[in-house]
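Trainee: Please take me closely through the backbone and the empty space of this model, with the residues that mark each place. I would like to see how the pieces connect.

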Amino acid sequence: MSRRRPHEEDDGYDRAYRKRRRVSENQEIEDRLETLILRVGEKSSSSLESNLEGLASVLEADLGTFRLKILRILTDCAIRMPEKCTIYTTLVGLLNAKNFNFGGEFVEYMVRTFKDSLKACKWDAARYALRFLADLVNCHVLSASSLLQLLDNMIDAANEDNVPQVRRDWYVFAILSTLPWVGRELYEKKESALERLLVSIEVFLNKRNKKHHNALRVWALDNPHPQEEYLDCLWSQIRKLRQDNWAEKHIPRPYLAFDSILCEALQHSLPAILPPPHHESYIYPMPWVVFRMFDYTDCPEGPILPGAHSIERFLIEEHLHSIIEMYHLERKDCAAHLLNFPYKLKIPLEYCIVEVMFSELFHMPAPRYLEIAYGAILIELCKLQPSTMPQVLAQATEILFMRIDSMNVSCFDRFVCWFSYHLSNFQFRWSWDDWESCLDLDAEHPKPKFIREVMLKSMRLSYYQRIREILPEQFNRFIPVKPEPDYKYAKEGAASLPGTTAAHQLVVSIRQKCTPEEVLGVLKDLPNPRSEEEADSRFNPLKIDVFVQTLLNLGSKSFSHSFAAISKFHYVFKILAESEEAQICVLRNMFELWHHHQQMMLVLVDKMLKTQIVECSAVANWIFSKEMAAEFTKTYLWEILHLTIKKMNKHVIKLGGELSEAREKLARAESSSSESEEEDDDSSKKKADDGEKPSEEMVERMEEKLEVAQADQKNLFLIIFQRFIMILSEHLVRCDTDGRDYNTHWYRWTIGRLQEVFLAVSIK
């Protein structure tokens with residue numbers, strides 16, 4: 001007889017339903033709490049103070065059930081929304097006044113986040129966590145003395161020996177960038193301890209090595225705006241803040257409205273926090289030079305631009321940089337958030353935005369994000385603010401052009417790329433007549449060179465006839481030559497050339513869809529013009545001349561046609577160009593055909609490197625050869641060189657990654673082979689997922705391949721730097737012999753390119 005109560009099944013269903021419903025209700029409450037916390041401080045019909053008070057009461061009521069969730073959300077907000085730092089510290093202060101234990105738990109949670117960020121090399125997150133902890137002193141959650149102890153420990157880390165300077169710099173930067181929030185409170189309560197901290201920082205900065213400064217400057221001259229190293233600039237701003245008794249006008253401080261409540265709350269002390277020791281795997285932020293383009297005299301009537309050494313300038317720029325970091329992948333959102341800057345009525349916002357955008361674009365040695373991202377955001381800014389932004393951007397362009405003489409070569413290239421891209425989005429309209437003075441300058445002077453390079457870049461974004469229409473008549477010299485092939489075997493007088501007959505036969509054969517072997521048959525009877533001592537059956541320059549120029553001319557209709565031709569006759573390239581000298585000959589003939597079309601040469605060299613028709617070392621030797629002397633200061637040639645360096649670096653990194661992966665698989669396989677049969681079954685499944693187990697011989701072969709690639713990489717760098725030394729030495733000797741000044745435009749371009757390559761190699 002069944003002992004089950006009647007309707008027991010129904011009761012079970014009800015219990016499960018009630019449990020699901022309870023879980024669902026909890027999830028709804030969690031989501032509501034998260035939304036409330038995230039949105040506090042946004043535009044609302046109520047005041048911020050009343051919203052904070054109401055939210056603190058709601059969270060206190062839910063602490064029993066959702067304590068961990070609230071802790072996690074508040075900590076995430078502190079790190080991910082640093083611009084709302086003081087709002088969240090006020091909220092934590094109010095919660096601490098209501099529930100002391102929760103305040104202690106939050107401090108522990110925040111300290112753990114700070115430590116974890118340092119260990120994980122999340123330097124911005126660590127800095128935001130430190131700022132938040134410092135602002136908790138203002139809210140009477142933390143004691144000032146315990147914060148000062150933490151800052152002293154960070155100064156000790158900055159004074160360690162045998163650690164990279166970038167590590168030491170970061171700790172000082174983190175302290176200095178926190179002081180605007182808490183400096184006033186420390187000044188009032190712990191003035192002597194604060195002064196000792198500042199003296200320690202000053203001693204550190206006075207001893208600090210700044211060899212990197214000149215390499216990271218956008219402009220070589222400090223007139224009209226000094227190009228200051230970032231720590232020196234921030235230290236000057238902090239000193240000015242100290243002179244003003246630590247009073248600044250930018251940081252909102254909602255906790256001041258709750259002073260009577262917060263000052264009665266009990267304070268917590270930070271535990272002893274020691275920065276983690278340096279490890280060789282840690283990667284620290286690199287130093288930079290603060291970019292300055294405007295001062296208050298550049299801005300029309302209206303809000304005044306804060307001075308270069310006012311702390312407000314630092315706070316505004318840091319906030320704008322963080323907006324770009326957060327939204328750079330969505331250009332429309334980024335532009336909208338930049339224009340909705342919270343303090344836009346107090347500052348000339350358009351000038352601040354444009355200066356920060358160009359500081360990101362010209363950041364040395366490389367911008368944080370793709371160059372086109374900044375161009376796209378600036379276009380959106382012009383669309384959203386058409387009454388002011390285009391004028392400010394035009395003013396900035398004029399300033400950059402006027403100062404272009406002393407501009408870093410890398411930044412010159414980026415300026416060219418940005419300006420041509422920007423023009424292409426605004427129908428190439430510009431007041432060219434304002435730049436008429438550059439018509440009288442030497443062709444190698446940066447100003448005429450800039451216009452010429454902009455036209456060449458614009459042609460990549462448009463077409464030849466359109467570019468002819470852009471410039472006024474007096475600027476005709478800057479219009480590029482029509483980008484078409486210069487095929488010598490079809491020109492007048494070609495009959496006297498030794499390879500003309502074979503070239504014509506080759507045209508017929510290729511059009512009849514011949515095989516690579518038939519192409520070699522057409523070329524086989526061509527004589528070798530090299531002398532017998534040089535003669536090498538693998539290298540006949542006439543064969544290469546006829547084949548390369550004819551094939552690329554037949555594929556000249558588009559990039560795709562050229563790529564198809566190279567792919568189909570790849571075998572012929574490999575037969576004719578086995579040695580490096582032969583590969584240089586291939587490149588020379590490609591240049592002879594396409595010297596009017598820079599973009600075609602760029603993509604063809606890229607294709608030849610990818611298909612291993614030419615080696616990286618051959619490209620470097622070709623660029624520095626005598627035949628390319630007239631092209632040496634043109635931008636496209638350096639695009640090709642940097643493309644070659646990147647290809648080589650990527651190849652080495654790829655082989656290194658494959659080798660590491662193979663070693664790990666081999667180690668896993670060897671360790672699993674010594675385990676039990678059951679574990680062997682599991683590992684066999686794992687191996688099926690991981691792929692076939694590599695043998696020791698395979699790993700050895702991979703090691704050899706990596707060693708060869710690293711040797712090729714080293715050889716490439718040696719070739720480049722040796723060629724630089726040779727051509728610069730020849731120039732100096734020639735100028736000395738002729739009694740001329742060595743500091744010519746050519747010399748400055750070449751030194752700039754050498755510096756650019758050094759930086760490219762250093763960040764590989």
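**Backbone turns, pockets and cavities**

Mentor: P224 is a good place to start: this proline is found in the loop between α8 (191–207) and α9 (230–243). Keep in mind as we go that this is a predicted model. The peptide bond that leads from N223 into P224 is cis, with omega near 5 degrees. A second cis bond joins M364 to P365, and there omega is about 5 degrees. P365 has its place in the loop between α13 (349–361) and α14 (371–384). These bonds deserve a look because most peptide bonds are trans, just as most residues other than glycine have a negative phi.

That brings us to phi. N162 is not a glycine, yet its phi is positive, at about 60 degrees. You will find N162 in the loop between α6 (144–158) and α7 (165–189). W246 is also a residue other than glycine with a positive phi, near 65 degrees, and its place is the loop between α9 and α10 (259–262). Their surroundings contrast nicely: N162 is exposed, with a relative accessible area of 80%, whereas W246 is buried at 3%.

Now follow the loop of P365 to its neighbouring helices, since each of them turns up again in a pocket. The α14 helix is among the elements that help to line the largest pocket, while α13 belongs to those of the second largest. 

Both statements can be followed below, starting with the largest pocket, which holds about 1,500 Å³ of space. Its lining counts 38 residues, and P367, E371, R414, H642 and K646 lie nearest the centre. Two or more lining residues come from each of α14, α16 (409–424), α17 (446–461), α27 (635–673) and α30 (745–762). Of these, α27 gives the most, with 11 residues. By class, the lining of the largest pocket holds 20 nonpolar, six polar and 12 charged residues.

The second largest pocket has a volume of about 1,100 Å³. It is lined by 42 residues, and those closest to its centre are M286, W288, H321, H363 and R368. Here the elements that supply two or more residues are α5 (123–138), α7, α9, α11 (311–327) and α13. The largest share, six residues, belongs to α11. The lining of this second pocket divides into 28 nonpolar, five polar and nine charged residues.

From the open spaces we can move to the enclosed ones. The count comes to four cavities of 30 Å³ or more. In the largest cavity there is about 210 Å³ of space. Its lining is made by 15 residues, with P82, E83, R131, W181 and H319 nearest the centre. The elements that give this cavity two or more residues are α3 (85–98), α5 and α11. Once again α11 leads, with four residues in the lining of the largest cavity, after giving the largest share to the second largest pocket. Eight of the residues around the largest cavity are nonpolar, four are polar and three are charged.

The second largest cavity has a volume of about 40 Å³. It is lined by V166, W170, F173, Y230, P285, M286 and W288, and three of its lining residues come from α7, the largest share. The class count is seven nonpolar, with no polar and no charged residue. You have met M286 and W288 already, among the residues closest to the centre of the second largest pocket.

One last check concerns the cysteines. Searching the whole structure turns up zero disulfides. For C233, the reason is distance: its sulfur is 14 Å from the closest cysteine sulfur, in C352, too far for a bond. C382 is likewise in no disulfide, as the nearest cysteine sulfur, that of C334, is 13 Å away. As for their setting, C233 is buried, with a relative accessible area of 2%, and C382 also counts as buried, at 5%.

How values were computed: Residues are numbered from 1 along each chain as its sequence is written. This is a predicted model: local features need pLDDT of at least 70, side-chain atom pairs count only at pLDDT 80 or more; totals for chains, interfaces and linings use all residues. Side-chain values use heavy atoms; hydrogens and water are left out. A disulfide is a pair of cysteine sulfur atoms within 2.5 Å. Buried means under 20% relative accessible area, exposed over 50%, partly exposed in between (1.4 Å probe, protein chains only). On a 1 Å grid over the protein atoms alone, a cavity is a set of points where a 1.4 Å probe fits but cannot get out, and a pocket is an open set with protein on both sides within 12 Å along at least five of seven lines; lining residues have an atom within 4 Å of a point. Grid points are joined across faces, edges and corners, and a volume is the space filled by probe spheres set on the points. Ala, Val, Leu, Ile, Met, Phe, Trp, Tyr, Cys and Pro count as nonpolar, Asp, Glu, Lys and Arg as charged, and the others, Gly among them, as polar.
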